[in-house]
Amino acid sequence: WLWIGPAKALLAVLGVLLTVALAGVAVVVAFLVANVISSPFLDALSRRVEAVVAGRVEELADPGILGAIRDGGRALSEELRRLFFFLLLQAGIAVLGVVLPGAQPLAAAAMVGVTILFLPLDYASYTLDRRRLRFRDKRRWIFGHRLAMVGFGAGAFLTLLVPGLNFLA
């Protein structure tokens, strides 16, 4: 009967760890779903910002309501493509972190790095989508402006990390 006490303690710790892990997964999934739902609105916002900053909006879209519906659908499909790319990278890093002994700290740092590089891709994509750039071309553009994009991504990551400030952002 001496093994029951430690087994119960181990199961309690395992239960807490699983609960925390599932809560983390739920938060990530909620953010990803919110990002997909907000993509047509963020597309319209990027159009307005481009008009204010540049004085004109460069786009290759069809005019009218059908063009707006098509653009909203395109923005949604591009967002899903970006999210799939992001999730594939993060899952690959997570699997390597679990499989390779001692790789957990490196995997965590790599996940943060991928997120910092993904944020500029995600936010710049709305403007680049209007120019009908393919996903591969967008990635090349991001990596072609590496220093500026890492600076933006790090700033956005730190801003989104602060509770309350992330909501305003």
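1. Nonpolar surface patch. In this predicted model, six residues make up a nonpolar patch on the surface: Leu158, Leu161, Val162, Leu165, Phe167 and Leu168. Together they have about 680 Å² of accessible area. Two elements, helix 5 and helix 6 (165-168), each give two or more residues to the patch. Helix 6 contributes the largest share, namely three residues.

2. Leu165 within the patch. This residue belongs to helix 6 and is also a member of the nonpolar patch. Its relative accessible area is 40%, so Leu165 is classed as partly exposed, given that the class lies between the 20% limit for buried and the 50% limit for exposed.

3. Aromatic pairs. The model contains three aromatic pairs. One of them joins Tyr123 and Phe152, with ring centres 6.3 Å apart and planes at 85°. The pair is therefore edge-to-face, since an angle over 60 degrees puts a pair in that class. Tyr123 sits in helix 3 (residues 104-130) and Phe152 in helix 5 (residues 146-161), so the contact ties together parts that are 29 residues apart in sequence.

4. Exposure of that pair. Are Tyr123 and Phe152 buried or exposed? Neither label applies: Tyr123 is partly exposed at 34% relative accessibility, and Phe152 is likewise partly exposed, with a relative accessible area of 41%.

5. The two sides of helix 4. Helix 4 spans residues 135-144, and Phe135, Lys138 and Ile142 are buried there. These three cover an arc of only 60° around the axis, which means that they lie on the same side of helix 4. The face turned away from this buried side carries the exposed residues Arg140 and Gly144. A lysine, Lys138, is thus listed among the buried residues of this helix.

6. Largest nonpolar core. Which residues have the most contacts inside the largest nonpolar core? They are Leu83, Phe118, Leu121 and Ile142, in a core of 14 residues. Helix 1 (4-54), helix 2 (64-99), helix 3 and helix 4 each supply at least two residues of this core. Helix 3 gives the most, with six residues.

7. Links between the points. Ile142 appears twice: as one of the buried residues of helix 4 and as one of the residues with the most contacts in the largest nonpolar core. Helix 3 also recurs, as it holds Tyr123 of the aromatic pair and gives the most residues to the core. Helix 5 holds Phe152 and is one of the elements that give two or more residues to the surface patch.

Notes: Residues numbered from 1 in each chain as written. Predicted model: local features only at pLDDT ≥ 70, side-chain atom pairs only at ≥ 80, totals over all residues. Heavy atoms only, no water. Phe/Tyr/Trp six-rings, centres within 6.5 Å; stacked < 30°, edge-to-face > 60°. Helix = DSSP H or I, 4+ residues; strand = E, 2+ residues; numbered from the N terminus. Buried < 20%, exposed > 50% of the residue type's maximum accessible area, 1.4 Å probe, protein only. Patch = residues over 30% accessible without salt bridge, like charges linked within 9 Å, V, L, I, M, F, W, Y side chains within 5 Å. Areas by Shrake-Rupley, 256 points an atom, 1.4 Å probe, with all protein chains shown as cover. Salt bridge = Lys/Arg side-chain N within 4 Å of Asp/Glu carboxyl O. Arc of directions from axis to C-beta. Core = buried A, V, L, I, M, F, W, Y, C linked by side-chain atoms within 4.5 Å.
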